[in-house]
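Me: I would like a close look at one part of this model. Start with how the packing is described, then work outwards.

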Amino acid sequence: MEHKFYLIKKKLNDKNISFSHVLYGLDAVDKIKRGKKYDYIIVEDEMKEMSGYSTLKELEKLEKFNIPVIVMLNKNKEKIKE
């Protein structure tokens, strides 16, 4: 996970794109509940406490949630993509 995060962080920094990150899916959900605005959300499926897929499902439960979410999956999780 750290390697993927490093690559994304480098790409965003190279393009002068601001971002924030959390280690736990519940922290991401909490930020959105508190009104934090994002253009996109990128989650790694293998996060601590809850998966990226579970995080996505929690975000979708929030009223008026309409931020595009990208869930990064390992190749062995083709079934989730469907």
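Reply: A crossing is left-handed if the near helix is turned anticlockwise from the far one by less than a right angle, and right-handed if clockwise. Now to the pair. The crossing of α2 and α3 is right-handed.

First, the ground rules. This is a predicted model, so local features need pLDDT of at least 70 and side-chain atom pairs pLDDT 80 or more, while totals for chains, interfaces and linings use all residues. Residues are numbered from 1 along each chain as its sequence is written, and side-chain values use heavy atoms, without hydrogens or water.

Next, the frame. The chain has four helices and two strands (DSSP runs numbered from the N terminus: H or I of at least four residues for helices, E of at least two for strands). Read from the N terminus, the order is α-α-β-α-β-α. The chain has 82 residues, and 22% of them are buried. Buried means under 20% relative accessible area, exposed over 50%, and partly exposed in between (1.4 Å probe, protein chains only).

Back to the helix pair. Two packed helices are described by the angle between their axes and the distance between the axes. Helix α2 covers residues 25–33 and helix α3 covers residues 52–60. The two pack at an angle of about 20 degrees, and their axes are 9 Å apart. That angle makes α2 roughly parallel to α3. Roughly parallel is under 35 degrees, roughly antiparallel over 145, roughly perpendicular 65 to 115, and the rest oblique. The axes are lines fitted to C-alpha atoms over the stretch in contact, with angles from 0 to 180 degrees between N-to-C directions. In short, the α2 and α3 pair is right-handed in its crossing and roughly parallel in its direction.

Now the charged pairs. Side chains of opposite charge can pair when their charged atoms come close. Here the structure holds four salt bridges (Lys or Arg side-chain nitrogen within 4 Å of an Asp or Glu carboxyl oxygen).

Take α3 first. Both E60 and K57 lie in this helix. They are three residues apart, about one turn of the helix. Their side chains meet in a salt bridge, with N to O at 3.3 Å. E60 is partly exposed, because its relative accessibility is 45%. K57 is partly exposed too, at 36%.

Then there is K61 with E58. Their side chains also meet in a salt bridge, 2.9 Å from N to O. K61 is exposed, with a relative accessible area of 62%. E58 is partly exposed, since its value is 29%.

Now R34 with D30. This salt bridge has its closest N and O atoms 2.9 Å apart. R34 counts as exposed because its relative accessibility is 61%. D30 counts as partly exposed, at 35%.

Next, the loop between α1 (2–14) and α2. V22 lies in this loop. With 27% relative accessibility, V22 is partly exposed. What separates V22 from V43 in space? The two C-alpha atoms are 9.4 Å apart, although V22 and V43 are 21 residues apart along the chain.

N16 is in the loop between α1 and α2 as well. Its phi is positive, about 55 degrees, yet N16 is not a glycine. N16 is exposed, because its relative accessible area is 72%.

On the other side of α3, look at the loop to β2. K64 is placed in the loop between α3 and β2 (69–72). K64 has a positive phi of about 65 degrees, and K64 is not a glycine either. Is K64 buried or exposed? K64 is exposed, with 74% relative accessible area.

Last, a residue in a strand. I42 is in strand β1, which spans residues 41–44. I42 counts as partly exposed, since its relative accessibility is 42%.

To recap the part you asked about: α2 and α3 pack at about 20 degrees, 9 Å between axes. Within α3, E60 and K57 sit about one turn of the helix apart and share a salt bridge.
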